[in-house]
Amino acid sequence: MKKRVVSVLLCAGLVIGAIAGCSGGKDAGTEKTDSKSSEEGDYSGQTLTIAVEDGGEYALWYESIKSEFEEKTGAKVTLVGANDEAVLAECMAKSGYYDVLTMDGPMIPQYASLGYLMPLDDYIDQEEIDDFFDSTIESVSWNDSIYCMPYLVHGPVIYYRTDLFEAADFDHAPETVDEYFEMSKALTDESQGVYGTIIEGKQSSEPVSQLLDKLSQFGGELISSDDPSKIAFDSQETIDTFEYIMKFYDEGAVPEGCSSYDNGDVQNMFLQGQLAMACNWPYMWSMVNDEEYSKVVGKVGVAPQPGANAVWSWSFGISPDSKNKELAVEWCKWSTSSEIIERLSENFINPAVRESSAKNAVAAITDEEDAKVLEAMNKSLEQGVAPTLSTNFQELRTRVALTLNRIATKETTDISGEVKTCAEDLQKILDEVQ
Amino acid sequence: MRQKKYVVLKQRRKRTGILLCIPAFLVVAYAIYMLGYALVMSFNSNMGVLSGEYHFVGWENYRKVLESEEMRGVVGNTLLYAAATIVTELGIGLLVSAALRRNIKGSQAAKVCIMLPMMMAPIASGTIWRWMLTDRYGIVNHLLGLLKIDGPMWLADKLAAKFAILFVSVWTAAPFVILVLLASISSVSDDIIEAARIDGAGGLQVYWNIIFPHLKSAIAVILLIRIPDALKMYDIVYILTDGGPANATQVISFYVYNKGFTSLKFGEAAAASFLLFLFIAAFSVFFNSLVNRNKKKGR
C-alpha cells in the first residue's frame with residue numbers, strides 16, 4: 001500500500017514537472033501587463049523585454065544604462081541575449097515575447113516584409129528623424145517606411161601597425177587599392193611570421209561583408225541600386241574585384257590558409273602581432289587597446305579604407321505582437337536620443353548616427369589618439385556605400401560566400417565563369433521574392 | 001486463496017508499472033506531435049509557414065528537395081561521413097576496450113581521461129578544435145612542425161577539412177563506444193580465457209573466438225545509436241567549417257538548417273528533415289529485425 005502511494009506520488013510529481021517544463025518560460029517579474037499607462041510617462045508595473053545580441057558589447061552597454069530608462073518610465077527592462085533563430089521563432093509564432101528586437105541591417109527588409117516589425121513613421125517626430133544622417137535612416141527603411149531606430153551605423157576601417165609602417169618608411173595609410181596591395185606585399189615578412197593583411201575567404205557570411213567593401217572600391221554592386229529587381233554582380237567590376245583579391249593570395253601578401261579565415265581569425269592574428277594591416281569593424285579599436293589580450297597596444301593607427309566601403313546598421317525595432325507597444329516606442333526613442341547616441345559614440349569611439357550627437361561626441365573626446373580614430377571612422381561613413389538590400393538578402397549572401405570560397409581556394413580559376421554562374425543563381429534567388 | 005492473492009499482486013504490479021510509464025508516454029506523445037507538426041509543415045508553402053497560414057502545396061517541397069543538386073551532393077557527403085566515422089569509432093573502441101580490459105596500473109585514470117570528451121558540449125569541443133586546427137596559430141600544425149611535418153590547411157583544403165571533421169567527431173563520440181564495449185568485454189569470464197590459453201590459443205584467437213562474440217550485441221547497440229547520430233551531425237560542421245570549403249563538408253542537417261533559418265524556406269527544410277527521419281527510421285527497423293533474426297538463429 002505504501003509502495004503504491006509512493007509510486008502514484010512520484011508519477012504525479014513527474015507529470016507536473018513535465019507540464020511545468022513545457023509551459024512558456026517567463027521569469028518571475030516579467031509578466032506582461034496591459035500597455036495602457038495610468039498617466040503619461042508612467043509605465044509602472046510593465047516589463048519591456050528586448051532581444052539583444054548575446055554578449056554583444058553594445059547590449060552590455062545598454063544593460064549598464066537601462067536603469068536611467070527604468071527611473072524615467074517606472075517600467076522594468078529586461079535585455080535577453082537571443083540569437084537570430086530564437087527571435088525568428090518567436091516572430092513566426094507571433095508570441096509577442098520580445099517587445100523590442102535588435103536588428104542587423106540586412107535583416108530589416110525581410111522582417112518588415114513578413115510583418116515581424118512595426119512601422120514607426122507615426123510614432124517618431126519628423127524633427128527627430130531629420131537629426132539622423134540620411135544614410136542611417138535609409139538603412140532602417142523599407143518600402144518608404146521607417147521600421148527601426150538606428151543606434152549604430154558603421155563600416156569596416158583599416159587598422160595598421162604604426163611601428164611596421166615606420167620601419168618600412170610608409171608615412172601614411174593606403175589611400176588607393178593599389179597602395180593597399182603594394183604595402184601588404186612589402187610588409188609581409190614570413191620569417192618574422194608577419195603578413196601584410198588578410199582577405200577573408202571562408203564560406204561564411206562575414207567574409208562577404210569584406211568582399212562587398214572591395215566590390216564598392218571597384219564601383220561594383222551586388223543588387224543594382226537603379227533597379228533592385230536586378231542582380232548587378234555579373235560585371236567587369238566584380239571580375240576586377242576578384243582578380244584584385246587573388247593577387248594577394250598569389251603573391252603571398254596574405255597567409256596561405258586565408259581562404260578559411262573569417263573575422264575572428266583576422267582579429268586574433270592582428271592582436272597577436274601577425275598582421276601589418278587588417279580591415280575590421282570599429283569595435284576592434286577597444287580590443288586593440290586591451291592590454292590583457294593585445295600584443296599591439298600603442299602601435300596601431302586607424303584609417304578609412306581606400307576609396308569606399310560598405311556601411312551597415314544596427315537598430316531597435318518593435319514587434320507588432322508586443323503587448324507593450326507604447327513602452328517599446330519610448331525605449332526606441334530614448335535609446336537613440338541625441339544624448340544616448342552621443343554617450344555611445346564617446347564610449348565606443350564609433351561614429352554617431354545623429355548630427356547633433358556627432359558634433360558633441362567629437363568635441364568631448366579629449367584623447368588625441370581616440371579623436372584621430374573617430375575622425376577616420378567618420379570618414380568611413382562619409383565614403384560609405386549602403387548595399388541595396390532585398391527581402392532574401394541572407395540567401396544571396398550565402399550564395400556569394402560559396403563563390404568567394406571557390407575562387408579563394410582555387411577550386412575554380414575561371415573567375416569570369418564563376419561570377420557569371422553565381423550571378424545567374426543570384427538572379428533566380430532574387431526572382432523568388434519579386 | 002493463494003491463487004487470488006497472486007492475481008491481485010500481478011494486477012497491482014501491472015498498474016504500478018503503467019503509472020510509472022506515464023511520464024515516458026508524455027515524452028513519446030510530445031515527440032510524435034513534433035514529428036506530425038514537421039510533416040504538416042512539409043506540405044505547407046514556405047510563405048505559409050512564415051505568415052502562420054496554411055497553403056497546401058502537395059509534394060512540391062519534396063520534389064524541390066529531391067531534385068536539388070545541392071541536396072544530392074550533401075547526401076553523398078553525409079553517408080560517406082557516417083560510414084567513415086562509425087568504422088573509425090568501432091576500430092578505436094575495440095582496440096581501447098581490449099587494452100583497458102586488464103586492470104593494469106593507470107587503467108582507471110585512462111578510463112577517466114577517455115570519458116572527458118564525452119562530457120563536453122559538442123559546440124565547446126568544436127570551438128577548441130577550430131582554434132587548434134587553424135594553420136597559422138593552431139597548436140596541431142605547430143606540433144607537426146616540431147616533428148618536421150608540414151601540416152595541411154586543415155580548414156582550407158577540401159580533403160583535410162573532411163579529415164578534420166571526421167577526427168573531431170570521432171574524438172567526441174569514441175568515448176561512448178569505448179564505454180559500451182568496455183562494459184560488455186568486462187563480462188567475459190577470465191576462466192574461459194585462461195582455459196583457452198592453456199589449450200594453446202594465441203591472443204588473436206582468444207579475442208576473435210571468445211571475446212568478440214560477446215561484443216556482438218554491444219556492437220549492435222552502438223550501431224543502432226551512433227548511425228542515426230552520425231547522420232544527424234551538425235554542430236561540429238557549423239563550428240569548424242560552416243559547410244566549406246566550397247560545400248565539401250556540407251551534411252544533411254546543415255543543409256536543413258540553412259534552408260530553414262538562412263533561406264527561410266521552412267517548408268522545404270521540413271521536407272528534407274522528414275526524408276532524413278524516414279531514412280533513419282527505415283534503417284533502425286531493418287537493423288533491429290536483422291539483429292533479432294540473428295538472435296533467434298543463435299538460439
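# Close-ups of a predicted model

Chain A has 18 helices and twelve strands. Its radius of gyration is 24 Å, close to the 22 Å that the globule rule gives for 434 residues, so chain A is as compact as a globular protein of that length. Keep in mind that this is a predicted model.

**Figure 1. Chain A as a whole.** Along the principal axes, the C-alpha atoms of chain A fill a box of roughly 80 × 55 × 50 Å. Of the 434 residues here, 47% count as buried. Now take the contacts in chain A between residues at least 6 apart in sequence: 74% of them join residues at least 24 apart.

**Figure 2. Where chain A meets chain B.** On this interface, 33 residues of chain A are in contact with 27 residues of chain B. Four elements of chain A give two or more residues to the side that touches chain B: α1 (2–22), α3 (84–92), α11 (263–271) and α17 (393–408). The largest share of that side comes from α1(A), which gives seven residues. Sorted by class, the side of chain A that touches chain B has eleven nonpolar, 13 polar and nine charged residues.

**Figure 3. Two domains in chain A.** The domain assignment splits chain A into domain 1 (47–154 + 312–371) and domain 2 (157–310 + 390–431). As you can see from the ranges, each domain is written as two pieces of the chain. The C-alpha centres of domain 1 and domain 2 of chain A lie 28 Å apart. Where they touch, ten residues of domain 1 of chain A are in contact with eleven residues of domain 2 of chain A. On the domain 1 side, helix α4 (residues 108–113) of chain A gives the most, with three residues. By class, that side of domain 1 of chain A has five nonpolar, four polar and one charged residues.

**Figure 4. Strand β7 of chain A and its two partners.** How many of the residues of strand β7 (residues 157–161) of chain A are buried? The count is five of five, so to speak a mostly covered strand. Val157(A), Tyr159(A) and Arg161(A) point one way from β7(A), while Ile158(A) and Tyr160(A) point the other way. That fits a general pattern: in a regular strand, side chains alternate between the two faces of the sheet. β7(A) pairs with strand β8 (residues 277–280) of chain A in the antiparallel sense, over four bridges. In that pairing, Tyr160(A) has Met277(A) in β8(A) as its bridge partner. Four bridges also join β7(A) to strand β9 (residues 300–303) of chain A, and these two run antiparallel. Here, Arg161(A) stands opposite Val300(A) in β9(A).

**Figure 5. Helix α14 of chain A and what it packs against.** Helix α14 (residues 338–348) of chain A has these buried residues: Ile340(A), Ile341(A), Glu342(A), Leu344(A), Ser345(A) and Glu346(A). They pack against α2 (57–73), β6 (148–154), α13 (325–335) and α15 (355–364) of chain A. Right after α14(A) comes Ile349(A), with a positive phi near 50°.

**Figure 6. A closer look at Ile365(A).** You'll find Ile365(A) in the loop between α15 and α16 (368–382) of chain A. Is Ile365(A) buried or partly exposed? Ile365(A) has 18 other C-beta atoms within 10 Å, and a buried residue needs 20 or more, so Ile365(A) is partly exposed. Leaving out residues up to four places away in sequence, Ile365(A) touches Glu346(A), Asp370(A), Ala371(A) and Leu374(A). By contrast, the C-alpha atoms of Ile365(A) and Glu63(A) are separated by 23 Å, and these residues are 302 apart along the chain.

Definitions and conventions: Residues numbered from 1 in each chain as written. Chains lettered and ligands numbered in written order. Predicted model: local features only at pLDDT ≥ 70, side-chain atom pairs only at ≥ 80, totals over all residues. Contact = placed C-beta atoms within 7 Å. Nonpolar A, V, L, I, M, F, W, Y, C, P; charged D, E, K, R; others polar. Domains from an automatic or database assignment. Buried ≥ 20, exposed ≤ 12 C-beta atoms within 10 Å, placed from the backbone. Pairing = 2+ DSSP bridges. Rg over C-alpha atoms; globule rule 2.2 N^0.38 Å.
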